[in-house]
Amino acid sequence: MRLLIVGTLKGQLTTATKIAMANGASVTHAEAIEQAMAVLRGGKGADLLLVDVALDIRDLVMRLEAEHIHVPIVACGISNDARAAVAAIHAGAKEYIPLPPDPELIAAVLAAVANDSRDLVYRDEAMGKVIKLAQQIAGSDASVMITGESGTGKEVLARYVHSRSNRAKRPFISINCAAIPEHLLESELFGHEKGAFTGAVARRIGKFEEASGGTLLLDEISEMDVRLQSKLLRAIQERVIDRVGGTKPVPVDIRIIATSNRNLSDAVREGTFREDLLFRLNVVNLKIPPLRDRPADILELAQHFAKKYADANGVPLRPISADARRVLTSNRWQGNVRELENTIHRSVLMAQGDEIGPDAIVTPDGDRLDLAKTAPAVAHATFAAEQVTRALVGRTVADVERDLILETLKHCLGNRTHAANILGISIRTLRNKLNEYADGGIPITPAGSGDGQRFMAAG
């Protein structure tokens with residue numbers, strides 16, 4: 001956990017610093033916004049900014065956005081002025097903390113940002129084999145490829161490997177290759193020099209240099225453009241990188257962990273992923289089974305999430321009844337751990353009485369999970385499928401493909417990642433298709449709140 005404190009506040013932040021360091025955070029100070037930006041550009045990085053509310057937080061937020069630096073802000077001040085707190089939140093701060101700081105409050109904020117509660121929870125033997133292999137290779141510097149369906153817990157396992165490595169006390173830096181536009185990803189990874197392109201107002205250190213000495217997680221590596229893959233391959237092979245607009249190579253010392261929910265061997269055959277890069281990354285493959293293939297983990301995770309969300313919502317911790325356990329273990333969990341976590345979160349809020357019963361195990365729209373696939377629903381689905389089949393006759397393949405993509409996206413509430421997984425195509429292919437349709441004036445379901453949703457534990 002890396003904390004950047006911005007401001008002085010008459011020495012009050014010295015106490016905050018001591019509290020943060022006592023909770024395992026590394027702390028850097030900057031007296032003003034420009035100094036803070038210099039720190040962030042310089043590669044030290046931060047997981048959280050603790051900023052004096054008297055500073056121009058809106059200006060800071062705008063500067064961060066302009067330079068594509070993503071880091072949460074918590075404002076703090078020496079008064080309990082409600083207007084100052086509200087103004088800070090409106091300006092873009094995630095939270096407001098009054099000073100002098102309360103040790104428990106500071107610790108809670110740090111834990112929330114670091115997400116230390118993402119425990120590695122498992123019981124099933126299938127997952128146990130994966131963890132055993134992870135433990136065996138954690139101490140090496142070998143590149144690791146973690147594969148598995150969306151929602152199985154690939155990032156959680158990556159953090160576990162880092163925590164057991166010789167680099168555990170050094171940075172763990174993660175970048176989602178699918179979430180950053182192609183034209184910005186190179187700069188995010190390798191950094192840039194001042195004036196390298198429009199908007200490059202100063203030198204910016206990229207994720208490779210920021211992670212030097214530690215671990216770099218390349219999340220959803222399959223979505224990286226082939227042209228950028230060649231530069232990544234050189235960086236891995238030679239342990240040097242070239243900043244965008246730079247004139248000399250920069251040495252780096254990192255371990256690479258990559259994740260993918262796609263079969264990269266298929267991507268190699270399709271020409272969308274370099275075979276030599278796959279060989280470099282796939283020294284060790286940790287393949288996480290889907291939750292439906294490790295049934296012993298379902299109840300273990302369910303109990304873990306029940307406690308987590310009971311604590312988070314200030315409600316009594318209720319045991320999961322025998323009937324509810326049967327409902328949980330019989331479900332297919334297409335969304336894996338992420339879907340299970342959301343389901344248990346709802347059940348904690350919906351439960352009444354002394355236990356979490358089957359009535360509280362519901363879908364997002366409130367239907368009981370065990371009744372959501374009744375015979376009438378199956379009959380309706382069969383009828384609908386027949387109607388769709390008849391409607392295909394006389395239509396072009398392009399029209400059918402377009403309707404399938406748009407209807408799948410609508411079903412996923414605009415979540416591009418989920419839609420791409422269902423369709424069996426890459427997120428980049430999906431985005432290209434949607435741009436093509438939008439250019440033709442066809443309305444596209446906007447991205448929903450589920451996009452980019454993070455998750456906690458994976459067993």
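**Reading a buried glutamate and its surroundings**

Biologist: Glu223 lies in the loop between E8 and H10. What counts as a helix or a strand, and how many of each are in the protein?

Modeller: Both are DSSP runs, numbered from the N terminus: helices are H or I runs of at least four residues, strands E runs of at least two. The protein has 19 helices and twelve strands. This is a predicted model, in which local features need pLDDT of at least 70 and side-chain atom pairs count only at pLDDT 80 or more, while totals for chains, interfaces and linings use all residues. Residues are numbered from 1 along each chain as its sequence is written, and side-chain values use heavy atoms, without hydrogens and water.

Biologist: What is the mean pLDDT of the protein, and which element has the lowest value?

Modeller: pLDDT is the predictor's confidence in each residue, from 0 to 100. Its mean here is 84, and 86% of the residues reach 70 or more. Helix H16 (residues 375-392) has the lowest mean among the elements, 50, whereas strand E6 (residues 144-147) has the highest, 97. Where pLDDT is low, the predicted coordinates should not be read in detail.

Biologist: Is Glu223 buried or exposed, and which residues does Glu223 touch?

Modeller: Buried means under 20% relative accessible area, exposed over 50%, and partly exposed in between (1.4 Å probe, protein chains only). Glu223 is buried. A contact requires heavy atoms within 4.5 Å; leaving aside residues up to four places away in sequence, Glu223 touches Cys177, Ala178, Arg262, Ser426, Ile427 and Arg428.

Biologist: Which side chain of opposite charge is nearest to Glu223?

Modeller: For charge, Lys and Arg count as positive and Asp and Glu as negative; His and the chain ends are not counted. A salt bridge needs a side-chain nitrogen of Lys or Arg within 4 Å of a carboxyl oxygen of Asp or Glu. The nearest such side chain, Arg262, is 4.1 Å away, and Glu223 has no salt bridge.

Biologist: How many residues has the largest nonpolar core, and which element gives the most to this core?

Modeller: A nonpolar core is a set of buried Ala, Val, Leu, Ile, Met, Phe, Trp, Tyr and Cys residues joined through side-chain atoms within 4.5 Å. The largest has 32 residues, and Leu216 and Phe208 are among those with the most contacts inside it. Helix H10 gives the most to this core, five residues.

Biologist: Where is Asp52 placed, and what does the UniProt annotation say of Asp52?

Modeller: Asp52 is in strand E3 (residues 48-52). The unreviewed UniProt entry annotates Asp52 as "modified residue: 4-aspartylphosphate"; such annotations may be inferred rather than shown by experiment. With a relative accessible area of 9%, Asp52 is buried.
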